[in-house]
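These are my notebook entries on strand pairing. I set out to look up how the strands are joined and which residues face each other.

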Amino acid sequence: MLTPQDELLCHQLPTTFDHVLQSDLRWTERVVLYGFDTTGSVSVMTGMARYPNRNVTDAYAMITIEGKQAHVLRMSREIGGRYDGLGAWQVGPYRYEVIEPLRKVRATLGDNESGIRLQLDFEGEFPAYEQEPAFFRTRGRVREDARRYYQNGRISGWLEAGGQRYDIDPETWWFGRDHSWGTRHGGGGGSLGEGDGLQPGEVPDGVLYYMGIFQFEDELVHFAQRETADGQPWHFEGNVLPTLDSGREIVPVVAAEHALSFRDDFRIVDGGSFTVRSADGRNREFTITPVSDFWPGIAGYDNYRGYASGLWRGESWSDHFVADLTDVADLKQASMLSETFCRVESEGRVGYGLVEMVFLGRNARYGYEGY
């Protein structure tokens with residue numbers, strides 16, 4: 001079926017843009033925007049995803065207040081024959097637009113019964129940068145084959161939730177985004193069932209994945225690592241990025257170490273430090289102080305309250321709720337992937353950033369004996 005995207009001179013397959021190379025049901029393309037007020041207690045995560053082999057496009061908005069309540073709206077629609085324009089995509093009242101490629105995007109959420117509304121105008125202050133390729137097989141099957149790029153920048157606009165309006169001050173907000181595509185594993189549709197009669201997935205002895213995105217006035221430090229239960233790295237990436245148009249080169253990060261402490265109720269960081277070594281020979285320690293946490297699983301990265309991103313819910317569907325983040329038992333349904341906004345100190349400078357983490361099972365370094 002022809003779509004508006006087929007007007008572009010960028011085909012890479014001998015088919016139309018409504019198809020992808022493989023029929024794997026996990027194939028996903030996703031955009032995410034996330035950030036927080038460094039002087040207050042409001043954060044937002046919002047985005048959308050397309051599952052061409054499931055005939056599903058979905059979107060969500062989650063505004064977290066005081067670390068105690070998450071106001072969530074989740075939306076889904078059939079792709080069917082309804083295709084969006086060249087630079088904007090819509091699910092219900094939610095709209096995502098590319099204003100200037102790799103520079104400016106906009107997310108808006110119009111009137112709806114949840115009372116959650118927003119307008120976010122993002123402008124990159126640092127270049128968009130690619131993730132290291134993630135390709136892994138298990139038992140002869142592709143477990144993950146995905147690509148992603150990240151970008152940090154300046155945000156303006158406003159949020160509404162719970163009858164309150166929050167005007168965004170670009171001077172006090174930290175904000176980032178990412179765009180990923182491919183065969184996913186884990187949250188965000190990657191672990192959705194594909195039918196009966198399949199061999200159960202492998203359960204590792206233990207997993208520690210962490211990512212840091214630390215922003216200072218003139219540079220952004222990004223690193224991510226996956227480790228076994230005994231601390232053996234098996235996937236790593238990292239870069240030190242200058243501001244856009246600065247003329248400076250991106251410097252690769254070659255290694256990262258961690259000395260962290262964790263909350264009592266969840267394996268979520270409550271302090272500690274990362275030491276990062278870059279290709280220019282610099283070793284820098286980053287001390288983190290958590291400001292607030294949020295959980296993508298509530299918005300659809302895990303199956304929570306009967307729904308997960310990528311599930312078929314018919315031609316058009318939505319739900320909304322307020323999650324009590326002090327209810328530990330409830331939150332454990334959606335706590336595999338955690339996100340912690342932090343104050344970051346390094347070499348006498350103060351910045352802000354995000355620590356993303358999946359921490360499960362045995363871990364020799366921190367003394368956890370199992371799940």
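Entry 1, the barrel. In this predicted model, I looked up the closed sheet and found eight strands that form a barrel in the order β14-β15-β16-β17-β18-β19-β21-β22, with antiparallel pairing. I noted that neighbouring strands of this sheet are turned by 30° against each other on average, with direction ignored.

Entry 2, one pair from the barrel. I then examined β21 (residues 337–346) and β22 (residues 349–361), which are joined by 10 bridges in the antiparallel sense. Within this pair, I located Cys342 opposite Gly353 of β22.

Entry 3, the partners of β11. Which strands pair with β11 (residues 141–161)? I recorded β8 (residues 117–124), antiparallel over eight bridges, where Phe122 has Ile155 as its bridge partner. Strand β9 (residues 129–130) runs antiparallel to β11 and is joined to β11 by two bridges; here Glu130 is partnered by Tyr149. Strand β13 (residues 173–183) pairs with β11 over nine bridges, again antiparallel, and I found Gly176 of β13 opposite Asn152.

Entry 4, the hairpins of β11. I listed β10 (residues 134–138) as an antiparallel partner of β11 over five bridges, with Arg137 opposite Val142. Two residues separate β10 from β11 in a hairpin, and Arg139 in the turn has a positive phi of about 55°. For β12 (residues 164–168), I likewise noted five bridges to β11 in the antiparallel sense, with Gly157 opposite Ile168. The hairpin of β11 and β12 has two residues between the strands, and Gly162 in that turn shows a positive phi of about 60°.

Key:
Residues are numbered from 1 along each chain as its sequence is written. This is a predicted model: local features need pLDDT of at least 70, side-chain atom pairs count only at pLDDT 80 or more; totals for chains, interfaces and linings use all residues. Side-chain values use heavy atoms; hydrogens and water are left out. Two strands pair if DSSP finds at least two bridges between them. Axes are lines fitted to C-alpha atoms, for helices over the stretch in contact, and angles run from 0 to 180 degrees between N-to-C directions.
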